[in-house]
Amino acid sequence: MRDRANDAILAAFQPVLDDLRAKLAAATEAIRVKDQALSLINVTCENVHHNKKDQHTWSQPCPVVARIEKALATTPTVAAQWEEKP
Ligand SMILES: [Zn+2]
């Protein structure tokens, strides 16, 4: 009896679950493409904005580029985080 009730509830929610799975798959694919595009960006001192505290001379390493490169290197891609583990 209880199993039937559970089955009925699960069946009622199945279309909602299927819709959410489809939306998640679409969002994951969109983020994967954006992750790929982000990996192609060439971050250089000349094309990043420098706040007053980040201004430096030509001989000094660029703190803005260092900060961006560190973030890109240490942040796992969202798609990688979402991929199902076998
Ligand atoms: Zn710079």
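Which residues does V43 touch, not counting residues up to four places away in sequence? Hold that thought, everyone, while I set the scene.

What you see above is a predicted model, where local features need pLDDT of at least 70 and side-chain atom pairs count only at pLDDT 80 or more, while totals for chains, interfaces and linings use all residues. Residues are numbered from 1 along each chain as its sequence is written.

On confidence, pLDDT is the predictor's own score for each residue, from 0 to 100. The protein has a mean pLDDT of 87, and 87% of its residues reach 70 or more. Confidence is highest in α2, at 90, and lowest in helix α3 (residues 78–82), at a mean of 65.

Now the layout. There are three helices and zero strands, in the pattern α-α-α along the sequence. Those elements are DSSP runs numbered from the N terminus: H or I of at least four residues for helices, E of at least two for strands.

Let's walk along α1. This helix covers residues 2–40, which is 39 residues, and reaches 54 Å from its first C-alpha to its last, close to the 57 Å expected at 1.5 Å a residue. The expected span is 1.5 Å times one less than the number of residues. At Q14 the helix bends by about 40°, and a proline, P15, follows within four residues. That bend is the angle between axes fitted to the seven residues ending there and the seven starting there.

How covered is this protein? We call a residue buried if 20 or more other C-beta atoms lie within 10 Å of its own, exposed if 12 or fewer, and partly exposed in between, with C-beta atoms placed from the backbone. Among the 39 residues of α1, the count of buried ones is zero, and buried residues make up 0% of the 86 residues in the protein.

Back to my opening question. V43 sits in the loop between α1 and α2, and V43 touches V48, V65, I68 and E69, leaving out residues up to four places away in sequence. Touching here means C-beta atoms, placed from the backbone, within 7 Å. V43 counts as partly exposed because it has 14 C-beta neighbours inside 10 Å.

Its partner V65 lies in helix α2 (residues 63–74). V43 and V65 are 22 residues apart in sequence, yet 6.4 Å apart in space, C-alpha to C-alpha. V65 has 17 C-beta neighbours inside 10 Å, so V65 is partly exposed too. With the same sequence cut-off, V65 touches V43, T44, C45 and V48.

Next door, A66 is also in helix α2. The C-alpha atoms of A66 and V43 are separated by 9.4 Å.

Notes: Two residues are in contact if their C-beta atoms, placed from the backbone, lie within 7 Å.
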